[in-house]
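Student: Got a minute to walk through this model with me? I'd like to get a feel for how it packs.

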Amino acid sequence: MIFRDKEALSPSYLPRDIRYREEQIDRLSRHLLTGRGPSLALAVGRKGTGKTLVCKKLLEDLPAKTSPFTLYLDCRTNRSPGDIARALHSAAIPYEPLKGHSTQALFLKALEATKDADGSMIVLDHADIPLRLHPTSAFLLSRTEAWPTSPNPTLIAIVIEDLDILSHLDSRASSTLRRNMIDFPSYSERELRRIVQQRVNDSFRKKAISTEALKACTEAATRQHANVRYALDLLRHAGERAERRDALVVEPSDIEHSISETPSAFSIHDLGLLDDHERMILLSLTHLLTKQRSYVTTGQLENEYREQCRRLSRPTIRHTTLWKSVKTLEILRIIKTEISGRGFRGRTTLIHPNFPSPQPIRTQLMRLL
Ligand SMILES: Nc1ncnc2c1ncn2[C@@H]1O[C@H](COP(=O)(O)OP(=O)(O)OP(=O)(O)O)[C@@H](O)[C@H]1O
Ligand SMILES: [Mg+2]
């Protein structure tokens with residue numbers, strides 16, 4: 001037996017202590033404790049720096065008050081301004097029909113309805129996606145002057161990975177979003193080690209992981225900008241491997257194997273958030289990659305996609321929609337794209353995988369499709 005509680009490695013687990021994020025918690029909760037009316041906060045940080053954890057902790061702590069309104073929206077599944085406004089409206093006014101209202105009107109009506117709550121917190125996590133795919137979401141989220149005033153505090157926390165998004169927005173939206181920015185800096189190696197050690201204590205049996213294996217894991221995660229989620233994924237994968245060979249201890253070789261299979265920029269479980277077309281496109285990419293290629297052109301990918309859809313009797317999407325899906329996969333950091341340089345006829349986009357091995361991705365996609 002390797003694990004004591006494997007769930008403690010999952011991103012949804014709330015650890016007892018959240019270290020090195022006191023300032024971020026303090027700044028986000030300040031408005032909830034003393035503010036009036038709605039206010040906007042922009043949480044920015046690289047992957048696995050505790051943004052979601054901190055927001056979920058604040059959402060959980062709010063019910064200590066009498067009747068707060070809390071909502072966590074993952075923009076990986078609520079990708080357009082319409083999706084966001086509808087989800088907010090349905091949560092705030094569940095019995096009122098959505099039809100016949102503009103996105104903006106739904107959004108404002110929902111905010112109006114939360115006015116009577118004893119404090120509200122709305123988290124729009126992974127907002128990079130709507131902000132990149134639908135520029136109008138910036139308009140929806142930044143027209144704060146139109147929001148209803150209220151004696152009770154409402155905090156809308158917009159969580160993004162990359163500040164670079166703001167440079168693509170119009171300057172008014174960008175400056176409004178920047179006004180209350182909360183930075184989540186990457187952890188140092190020492191901080192990462194301490195956070196991971198604490199999680200190891202919660203999830204592994206005593207002495208079930210060798211010191212060298214743990215060191216190999218934290219070093220690998222430090223190289224990926226100290227991504228804690230990646231470190232925990234490595235540990236889970238390595239622990240499962242050790243279990244399969246009936247070992248009592250996770251060894252460095254388990255971690256090495258785990259590194260060769262585990263994506264750092266996303267979690268295999270995140271593939272569940274993709275729609276069927278995106279899954280088919282990714283499946284086609286992994287199929288081409290197993291034929292010893294390190295990248296594919298868009299033409300090759302499109303042909304393979306149509307072929308895979310035909311084989312699995314799946315409906316296909318048009319060229320432009322396919323492009324949008326490829327872009328979404330890039331925003332989700334599952335693939336990388338670049339414009340071809342010399343050696344190619346004309347200009348074409350090259351698609352690279354952002355994962356070390358296609359096989360685990362294929363296996364998970366086949367499970368989902
Ligand atoms: N300071 C911390 N203390 C304890 N656990 C942490 C801390 N920071 C991150 N974690 C853990 O690391 C994992 C990743 O954190 P989280 O999901 O909050 O990252 P994120 O910044 O939202 O990343 P992404 O941009 O990929 O969504 C979670 O399991 C979380 O519990
Ligand atoms: Mg997150």
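**Helix packing, domains and a ligand**

Tutor: Sure. Let's begin with one helix pair: P81, G82, A85, R86, L88, H89 and A92 in helix 3 meet T103, L106, F107, K109, A110 and A113 in helix 4. Keep in mind that this is a predicted model.

Student: What's the class breakdown for the contact of helix 3 with helix 4?

Tutor: That contact has 8 nonpolar, 3 polar and 2 charged residues.

Student: And at what angle do the axes of helix 3 and helix 4 cross?

Tutor: Roughly 30°, and the two axes come within 8 Å. Helix 3 covers residues 81–92 and helix 4 covers residues 103–113. Angles under 35 degrees count as roughly parallel, so helix 3 and helix 4 are roughly parallel to each other.

Student: Is the crossing of helix 3 and helix 4 left-handed or right-handed?

Tutor: Left-handed.

Student: OK, switching to the ligand. How many residues surround ligand 1, and which are the closest?

Tutor: There are 19 residues around ligand 1, and the closest are G50, K51, T52, L53 and V228. Two elements give two or more residues to that shell: helix 2 (51–61) and helix 10 (228–244).

Student: How do the residues of the shell around ligand 1 divide by class?

Tutor: The shell has 8 nonpolar, 5 polar and 6 charged residues.

Student: Where does ligand 1 lie relative to domain 1 and domain 2?

Tutor: Between them, because domain 1 (22–184) and domain 2 (187–261) both give residues to the shell.

Student: What are the domains in the assignment for this chain?

Tutor: The assignment gives domain 1 (22–184), domain 2 (187–261) and domain 3 (268–368).

Student: How far apart are the C-alpha centres of domain 1 and domain 3?

Tutor: They lie 32 Å apart. As for contacts, 6 residues of domain 1 touch 4 residues of domain 3. On the domain 1 side, the residues that touch domain 3 divide into 2 nonpolar, 1 polar and 3 charged.

Student: Back to helix 10, since it came up around the ligand. Which residues of helix 8 meet helix 10?

Tutor: In helix 8, L192, I195, V196, R199 and V200 do, and they meet V228, A231, L232 and L235 in helix 10. V228 is also among the closest residues to ligand 1. By class, the contact of helix 8 with helix 10 has 8 nonpolar, no polar and 1 charged.

Student: What's the geometry there, angle and distance between the axes of helix 8 and helix 10?

Tutor: Helix 8 (residues 189–203) packs on helix 10 at an angle of about 40°, and their axes are 10 Å apart. That makes helix 8 oblique to helix 10. Helix 8 passes helix 10 in a right-handed crossing.

Student: One last pair. At what angle do helix 12 and helix 14 pack?

Tutor: About 80°, with the axes 10 Å apart; helix 12 spans residues 276–289 and helix 14 spans residues 319–331. Helix 12 and helix 14 are therefore roughly perpendicular to each other.

Student: Which residues make the contact between helix 12 and helix 14?

Tutor: From helix 12 there are H277, E278, I281 and L282, and from helix 14 there are L322, S325, V326, T328 and L329. They divide into 5 nonpolar, 3 polar and 1 charged.

Methods: Residues are numbered from 1 along each chain as its sequence is written. Chains are lettered from A and ligands numbered from 1 in the order in which they are written. This is a predicted model: local features need pLDDT of at least 70, side-chain atom pairs count only at pLDDT 80 or more; totals for chains, interfaces and linings use all residues. Axes are lines fitted to C-alpha atoms, for helices over the stretch in contact, and angles run from 0 to 180 degrees between N-to-C directions. Helices (H or I, at least four residues) and strands (E, at least two) are DSSP runs, numbered from the N terminus. Angles under 35 degrees count as roughly parallel, over 145 as roughly antiparallel, 65 to 115 as roughly perpendicular and the rest as oblique. A crossing is left-handed if the near helix is turned anticlockwise from the far one by less than a right angle, and right-handed if clockwise. Two residues are in contact if their C-beta atoms, placed from the backbone, lie within 7 Å. Ala, Val, Leu, Ile, Met, Phe, Trp, Tyr, Cys and Pro count as nonpolar, Asp, Glu, Lys and Arg as charged, and the others, Gly among them, as polar. A residue is near a molecule or strand if its C-beta atom, placed from the backbone, lies within 6 Å of it. Domain bounds come from an automatic or database domain assignment.
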